[in-house]
Amino acid sequence: MSKAIKKSPWVVHFNCNSCNGCDIEFLACLTPTYDVERFGVLHVGNPKHADVLVVTGSVNHRNKHVLKNVYDQMPEPKVVVAMGACPATGGIFADCYNVVGGVNQVIPVDVHVPGCPPKPEAMMDGIIEAVGILEKKRNGEAVNPPVLPVKVVKGPEAPAMTPEMAAKIAAAKAKAAAAKAAAEAGNNANEEPKAV
Ligand code: SF4
């Protein structure tokens with residue numbers, strides 16, 4: 001059984017919330033060009049059948065529960081591979097109001113594959129690393145925590161609203177409302193009176 005899993009890891013893919021760049025690259029691994037199945041890797045749809053969870057995209061407050069649910073359904077031992085910058089830190093979406101950040105804030109991550117998006121070759125390397133970790137977990141050996149491949153850099157805080165900015169916004173809104181009202185009045189004037 002151990003040998004079978006080592007030779008043929010079953011992988012389930014979960015996309016949290018991404019630009020789909022990583023998903024396209026991951027699907028490219030399954031095409032005849034890269035043909036990851038020649039290494040025995042099987043892409044499955046049911047987490048209960050999977051040994052490796054591949055996550056793409058940044059986790060948000062809505063899908064973090066789904067991600068945790070998918071992870072919990074997988075049988076032990078299992079390995080999580082975070083593909084790309086988004087599941088590592090939130091990536092370019094890190095500062096969005098609904099984004100939690102990296103996948104490791106919801107479930108434990110075993111392998112980080114750097115890139116935005118990573119190349120299919122790097123993704124295949126990540127899966128092969130995951131198989132090694134899976135074997136270690138099965139044998140009860142210690143597994144080193146993964147190294148985060150990117151540095152988290154926070155942008156400057158947005159400036160606070162000043163009275164001048166608030167006045168400009170209010171004036172722009174009033175101007176837009178007046179233009180809309182004028183346009184509607186013009187349309188009504190052009191309408192032919194209805195026959196009574
Ligand atoms: S890491 Fe880059 S390519 Fe991948 S989902 Fe995020 S933004 Fe898109």
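**Confidence, core and ligand shell of the predicted model**

Confidence in the protein is lowest in helix H1 (residues 2–7), with a mean of 60, and highest in helix H3 (residues 64–73), where the mean is 94. The model is a predicted one, and its pLDDT averages 85, with 88% of the residues scoring at least 70. Six helices and seven strands make up the secondary structure, and from the N terminus the elements follow the order α-β-α-β-β-β-α-β-α-β-β-α-α. Of the 196 residues in the protein, 32% are buried. Among contacts between residues at least 6 apart in sequence, 81% join residues at least 24 apart.

A good place to start on the interior is the largest nonpolar core, which has 40 residues. Leu53, Val55 and Val81 have the most contacts inside this core, while helix H5 gives the most to it, with six residues. Leu53 shows how such contacts reach across the sequence: beyond its neighbours within four places, Leu53 is in contact with Val12, Phe14, Val70, Tyr71, Met74, Lys78 and Val80.

Helix H2 (21–30) comes next. Its buried residues are Cys22, Glu25, Phe26 and Cys29. Viewed down the axis of H2, these buried residues fall within an arc of 100°, so they line one face of the helix. Their cover includes strand S1 (10–15), strand S3 (52–56), strand S5 (79–83), H4 and helix H5 (120–138).

H2 also takes part in the surroundings of the ligand: H2 and helix H4 (85–89) each supply at least two residues of the shell. There are 13 residues around the ligand, and Ser18, Gly21, Cys22, Gly84 and Cys86 come nearest. By class, seven residues of the shell are nonpolar, six are polar and none is charged.

A few backbone details deserve a closer look. Most residues other than glycine have a negative phi, and most peptide bonds are trans. The bond from Glu76 to Pro77, however, is cis, with omega near -5°, and Pro77 is found in the loop between H3 and S5. Cys116 and Pro117 are likewise joined by a cis peptide bond, with omega about -5°; Pro117 lies in the loop between strand S7 (111–113) and H5.

Two residues that are not glycine have a positive phi. For Asn20, in the loop between S1 and H2, phi is about 80°. For Asp35, in the loop between H2 and strand S2 (42–44), phi is near 50°. Asn20 is exposed, with 12 other C-beta atoms within 10 Å, and Asp35 is exposed with 12 other C-beta atoms within 10 Å as well.

Note on methods
Residues numbered from 1 in each chain as written. Predicted model: local features only at pLDDT ≥ 70, side-chain atom pairs only at ≥ 80, totals over all residues. Near = placed C-beta within 6 Å. Helix = DSSP H or I, 4+ residues; strand = E, 2+ residues; numbered from the N terminus. Nonpolar A, V, L, I, M, F, W, Y, C, P; charged D, E, K, R; others polar. Buried ≥ 20, exposed ≤ 12 C-beta atoms within 10 Å, placed from the backbone. Arc of directions from axis to C-beta. Contact = placed C-beta atoms within 7 Å. Core = buried A, V, L, I, M, F, W, Y, C linked by C-beta atoms within 7 Å. pLDDT = per-residue confidence, 0-100.
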